[in-house]
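Visitor: Could you take me through one part of this protein at close range? I would like to see how the side chains there are placed and what they meet.

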Amino acid sequence: MATSGEAETAAAAPPAAARKRTKEERVEQRKKKMGPPVRYPFWFGGSASSMAACVTHPLDLEQPPSLSLSSSLPFSPKPTISPFAGKSVRLQMRKGDAPKSMSGTVVHIVKTDGPLALYSGLSASLLRQLTYSTVRFGVYEEIKSRYTRYGREPSFPVLTAMAVASGFLGGIAGNFADVLNVRMQHDAALPVAERRNYKHALDGMARMAREEGTLSWFRGWLPNSSRAAVMTAGQLATYDTFKRLLVDHTPLGDTLTTHFSASFLAGLAAATFTSPIDVIKTRVMSSTAKQGILGTVGDIYKTDGLRWMFKGWVPSFLRLGP
């Protein structure tokens, strides 16, 4: 026989059927607010990312210095991702008395190489988005649509698993373009004798294969794919979750305000999660020296301490947030 305390607890706890009904009602209410789902072409994510890269490319160039590299390591030319992209690479790769701040890096680049230098490596940046972003966005949406086809609603852990798998595949697909991107962005910061001077992304691909072998296209593939997996989870899984929470718990429906708010929060999460991996990826890709990831992390820690993990966070967020 149940005690009075147990009876009160049982009465206070909502029955499983009621909880399920509440969840189903919430899902139905969200569907009414958001309207019927729209299925977009596979390539929409890559094309949208390419357009964004044309605007934000310079921020990647300015990411703060993560480590000071040994002057004996050769660095590569200037691929680009967004107007802000190159700055982040310059900061992460800075040496000697180079500017330490984002604004100082911008001024230095403009004074030294002219305003167009902020967009150096744009061809590699666009190639990267057309490969990396097309695969990760396309695969994620395809997996999600197949999962929801039978009326199932993916939870946050399920969305995260989908995003991690999609991002990892995208990182592998776009690795060669990412190597070019890092090299081309950093090229102008090198002494003239050390520059690679790739004319454009395709020229860089051909020269890398000829001079270093085709395996050079996969330099740093593991940290890059790991970063892509974390980035995609930080962007897509959190975006879908934040959007769901905003629709469920605020008066907002499927509006621009909802999308902007969810995107801003997702960008904040992605920039924070990927910052340490981004630093390692940049260092590995820019160098031709054979050094493992643990050795690279050790060198960075000796130089900068734990601060290395978030060097370049501000320009990274300024690129991802918008």
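Guide: Happily; what follows starts at one arginine and then moves on to other side-chain pairs.

This is a predicted model, in which local features need pLDDT of at least 70 and side-chain atom pairs count only at pLDDT 80 or more, while totals for chains, interfaces and linings use all residues. Residues are numbered from 1 along each chain as its sequence is written, and side-chain values use heavy atoms, with hydrogens and water left out.

Let us begin with arginine 207, which is found in helix α9 (residues 201–212). Helices here are DSSP runs of H or I with at least four residues, strands are runs of E with at least two, and both are numbered from the N terminus. Arginine 207 counts as buried because its relative accessibility is 17%; buried means under 20% relative accessible area, exposed over 50%, and partly exposed in between, with a 1.4 Å probe and protein chains only. A polar atom of its side chain lies 2.6 Å from the backbone oxygen of arginine 196. Leaving aside neighbours within four places in sequence, arginine 207 is in contact (heavy atoms within 4.5 Å) with Arg196, Asn197, Tyr198 and Glu212.

The side chain of arginine 207 also meets that of glutamate 211 in a salt bridge, 3.2 Å from N to O. The term stands for a side-chain nitrogen of Lys or Arg within 4 Å of a carboxyl oxygen of Asp or Glu. Both residues lie in helix α9, 4 residues apart, which is about one turn of the helix. Glutamate 211, at 49% relative accessibility, counts as partly exposed. Elsewhere, salt bridges that share partners join Glu141, Lys144 and Asp240 into one network.

The structure holds 8 salt bridges. One of them pairs aspartate 178 with arginine 128, whose closest N and O atoms are 2.8 Å apart. Aspartate 178 lies in helix α8 and arginine 128 in helix α6, so this pair ties together parts that are 50 residues apart in sequence. Both partners are buried. Within helix α6, arginine 146 and glutamate 142 sit 4 residues apart, about one turn of the helix, and they form a salt bridge with closest N and O atoms 2.9 Å apart. Arginine 146 is partly exposed, with a relative accessible area of 48%, and glutamate 142 is partly exposed at 24%.

Now for the rings. There are 3 aromatic pairs in the structure. Rings of Phe, Tyr and Trp (its six-membered ring) pair if their centres lie within 6.5 Å; planes under 30 degrees apart count as stacked, over 60 as edge-to-face and the rest as tilted. Tryptophan 43 and phenylalanine 44 are edge-to-face, because their ring centres are 4.8 Å apart and their planes at 65°. Tryptophan 43 is exposed, with a relative accessible area of 51%, whereas phenylalanine 44 is partly exposed at 35%. Phenylalanine 176 and tryptophan 217 have ring centres 6.4 Å apart and planes at 50°, so that pair is tilted. The pair links distant parts of the chain, 41 residues apart: phenylalanine 176 is in helix α8 (residues 175–187), and tryptophan 217 is in the loop between α9 and α10 (221–249). Phenylalanine 176 is buried, with a relative accessible area of 17%, while tryptophan 217 is partly exposed at 23%.

Notes:
Polar contact = N/O pair within 3.5 Å; in protein donor to acceptor, adjacent residues only side chain to side chain.
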